[in-house]
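This report looks at charged pairs, a helix and a surface patch. The sequence and structure come first.

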Amino acid sequence: MTNHWIDIKNADAILIMGSNAAEHHPISFKWVLKAKDKGAAVIHVDPKFSRTSARSTLHIPLRSGTDIPVLGGMVRYILENGLFEKDYVVEYTNAAFIVNDKYGFNDGLFAGYDADKRAYDKKLWAFETDEKGIPKKDKTLKHPRCVFNLLKKQYDRYDLDTVSKTSGVSKENLLTLYKTFGATGKPDKSGTIMYALGWTQHTVGVQNIRLAAILQLLLGNIGVAGGGINALRGEPNVQGSTDHCLLWHILPGYMAVPRATWPTLADYNKANTPVSHDPMSANWWQNKPKYLASLLKGWFGENGTKENDFGYRMLPKVEPGVDYSYLYIFDRMYNGEINGGFVFGTNPLQSAPNSNKNRAAVDQLDWLVVGELHHTETSDNWHRPGVNPNKIKTEVFLLPSAHRVEKSGSVTNSGRWIIWHDMAQKPIGQCRSMGEMIVDILNQVRSLYERENGVYPDPLKKLDWPAYYDSDDMAQRINGRFLKDTTVKGKTYKAGDQVPSFGALADDGSTVCFNWLYSGSYTKEGGNKAKRRDLNQTAMQKNIGLFPNYSWCWPVNRRILYNRASVDLKGKPLAPQKAVIKWTGKGWEGDVPDGGWPPLATGKGRYPFIMRKHGFGQIFGPGRPDGPLPEHYEPVESPLTKNPFSGQFNNPCFKKTSNEMDALAKPGDKRFPIVLTTYCVTEMWCGGGETRNTPNLLEAEPQLYVEMSHELAKEKGIQNGDPVLIESARGSAEAIAMVTVRMTPLQIEGKTVHLVGMPFCYGWTTRGVGDSTNRLTASIGDPNTGIPEYKALMVNVTKAQRLRELQA
Amino acid sequence: MPMTFLIDTSRCTACRGCQVACKEWNDLQANKTRQRGTHQNPPDLNPFNYKLVRFAEYKENGKVVWYFFPDQCRHCVSPPCKEAADSYVEGAIIKDPKTGAVIFTERTRLLKPEQVEEVISYCPYNIPRLDTGTGILAKCTMCNDRVKRNMLPMCVKTCPTGTMNFGERSKMVALAKKRLAELKKDYPNAQLQDPDDVNTIFLLTEDPKKYFQKVG
């Protein structure tokens, strides 16, 4: 979230899209309802009428995978009716930047597309710069190649008729949505967007969110109270694990993973440190070398020397162009290219797409280590229904895990608040926390190398690795320490002292820090701030519910990101009744500002979007691999045969694997005429491995179901509660029909399109509940992230003749 | 001053935190259930579910509406169940003079089958359930053990949205009236269900009949 949970109450309008917030983030509705009490409109745009819709002002059903048409239409409406916040757009976004003349967009493709590589040459999307390398701007917004006019042109095609017939949303509903949310473009109004996996899990996932960001920038809704782009992250710690590099392509603190083409630290820094020649741009990432050096010193300690680039040279480096994400890992496993592996805290044979393929892929492994609370579809794959365990070669080691409440540590919530929890009870039996497992396993491996040596043991032997796992020590290292006596802002710190903030981190090997974003969370002065529970705040902070003394928030306890955009050039709040920061003439009050510089009008300020190289909010985003502006492409599996917006049917860069088990339905495939969307359910957590083993939760949601409209049920001769079979090009699943008015058949291009929805939490290790919904989904993903398209697939539904997976 | 629940259904998201938390606090065993084409599960109140969120959905003039009703004992001001039981077994059903909680005690086991049926039939809200294993009548206890220690009932403690409220009767009645007045603007049929007779006051946005649908 750019903002945080409590801040939702400050919104004048709330758009919940790509999220079922009430069901999957129940606490969010505490704040949504507070905003609604004060008169905020709450609009839920989603294929299904859910518990979220029930408490919203308006529910708008759309065909899954058509968010870009609906939002693109809103951009058009806002521009056409002058609803955007002009000063904000001109001063704080890159709307005035001029794009070079090689840029273009034609029939669904941007300039620079190479069909063989399925990739763009992004250089063709660059901004025009002056002799100093600063982007040229036209603040009158008249230049035909300025971003503002390119945006206008891009979405001119997104008229009400085309949007309506593509998405199935009535024109009346579109207009209500556009007017209601467009009204937040006034400086003193704000609207928030709440989204989750309903936006990310598409082959246009990142572009869905880019378009939301564009809207919020046009409306001046970023950096303000009650605004923002709010990713509702999964319970309990998706935010924290992403910050600490759960994903393969980043190091802790959102720095790129080293590549083979960057053999030295100097190469890495050159390739990854942005340079701005504009003195008004803070260009915060110019500090990256300090953060990386401190991380490396944290990993390698004394063994990280200047000569070996603080250990950088010992790091494994990825091959350029090779994707190490889930889809590809399972593909390589399927091809017999992987021998073994570790699985902690996830149940991929239930929750990754195309379960049938993944389950067969794991059969190829010689060994598998699973750290889990319960037996899962992953740990027990070798004796799954339909296979002969004698024929499976995989040796499986199941490490019993401690439950969350059986260990101490921090959880980072969606609002970036780091919250410490103590151990409530000791782990039962032989269970251990994952931290203990990792530390102990690696110590064993290190001692093996000590005894037996190996080809290249240095990367492990030279680590500054602890003898045992201690969560408090880990939290201290995450914050960072000085390695030599240092004076910061007149205050002297001894070697071994905690650093006060990331401002004290250095690139010369004199500091250690596991994650620069968390620097300041555990200091000499403040102790472990994740433990703070102080509700005190100033009147100004109280007015918007900032609670700066409760826990701690990255970065530097800033609760609302990009808050310098909430004030005018003189530092005066644009919405005085819900001010986030204000300039007093001497300093800033309210939230922690994005840097302490004075307002822009003084000439000593900095542009508000300090994490961007040029300092501006990016309406035009030339960094994405699949285009600088979001464009509608049909889901890879679609009921249509033609994209109503262009000749390019799918995202030209979407990721896929191509094995014999990767069958896809053709566009408009008659065998699979029904759209399937998949989701979580309130009472179950993700793949259900934990919650299916919690009897009171299984009582509340006991078996796999498929939600469908009365109209579809009638067509198929299905009654409510009947067992049905759902089939895709890849597999089938049994489910109980939940026939409901909450699913709506949609009119798409003059034809009725039906949509069904299924949760993915039921698996065979829990008797009689059904098995993986992901046997239906496909190994296809977003070009930026590789996140699979779980939300829009094509299936058929028939009444089941006999039950195998579900118990009556 | 008795204690009172105010259940503001206009704020309910049917997350069922109350339903599950009730089971956890009261150590009630899980029922074996199956999916029957609805989220409402278990299908009805039973000896192991003192609290149940009921779901009812309609399409009215092309608009979908979905009602949620976190059902439970009303802890009546003058409980008819107690009246019925008193004539057969003294102390089978008691009313805590301090909190107003209506409590089914172990002595309900002493009620004969036809007397149990009579007690059940006296309840205007169809709340009491017989545990056929123990022979004890079961229902919401108001978490009287918690309340007497100045803690909120578990369902109220768990509720994230302000649907479940609990406190001294006068405060809850005042809150109920305030919320009713606010809701009347958007929901002309909004009403309090039998506020003078019960200590579990439901604030509904529509006719109470709409909140119940035959299930399964």
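A salt bridge is a side-chain nitrogen of Lys or Arg within 4 Å of a carboxyl oxygen of Asp or Glu. In this predicted model, the count by this rule is 56 salt bridges over all chains. A:Arg359, A:Glu734, A:Asp771, A:Arg775, A:Arg804 and A:Glu805 are linked in a network of such bridges.

Three pairs are listed below, each with the distance from N to O.

| Acidic residue | Basic residue | N to O distance |
|---|---|---|
| A:Asp440 | A:Arg432 | 2.6 Å |
| A:Glu707 | A:Arg742 | 2.8 Å |
| B:Asp96 | B:Lys148 | 2.9 Å |

A:Glu707 lies in strand β28 of chain A and A:Arg742 in the loop between β30 and β31, so this pair ties together parts that are 35 residues apart in sequence. A:Glu707 is buried, at 0% relative accessible area, and A:Arg742 is buried at 1%.

In chain B, the salt bridge between B:Asp96 and B:Lys148 ties together parts that are 52 residues apart in sequence. B:Asp96 is buried at 8% relative accessibility, whereas B:Lys148 is partly exposed at 47%.

In the remaining pair, A:Asp440 is partly exposed at 24%, and A:Arg432 is partly exposed at 37%.

Helix α6 of chain A spans residues 147–155; seven of its nine residues are buried, so the helix is largely enclosed by the rest of the structure. Among the buried residues are A:Phe148, A:Leu151 and A:Tyr155. The buried residues of α6(A) pack against elements of chain A including α4, α5 and α10.

On the surface, A:Phe342, A:Trp367, A:Phe397 and A:Ile441 make a nonpolar patch of about 350 Å². A:Trp367 is in strand β13 of chain A and is partly exposed, at 31% relative accessibility.

Terms used. Residues numbered from 1 in each chain as written. Chains lettered and ligands numbered in written order. Predicted model: local features only at pLDDT ≥ 70, side-chain atom pairs only at ≥ 80, totals over all residues. Heavy atoms only, no water. Patch = residues over 30% accessible without salt bridge, like charges linked within 9 Å, V, L, I, M, F, W, Y side chains within 5 Å. Areas by Shrake-Rupley, 256 points an atom, 1.4 Å probe, with all protein chains shown as cover. Helix = DSSP H or I, 4+ residues; strand = E, 2+ residues; numbered from the N terminus. Buried < 20%, exposed > 50% of the residue type's maximum accessible area, 1.4 Å probe, protein only. Contact = heavy atoms within 4.5 Å.
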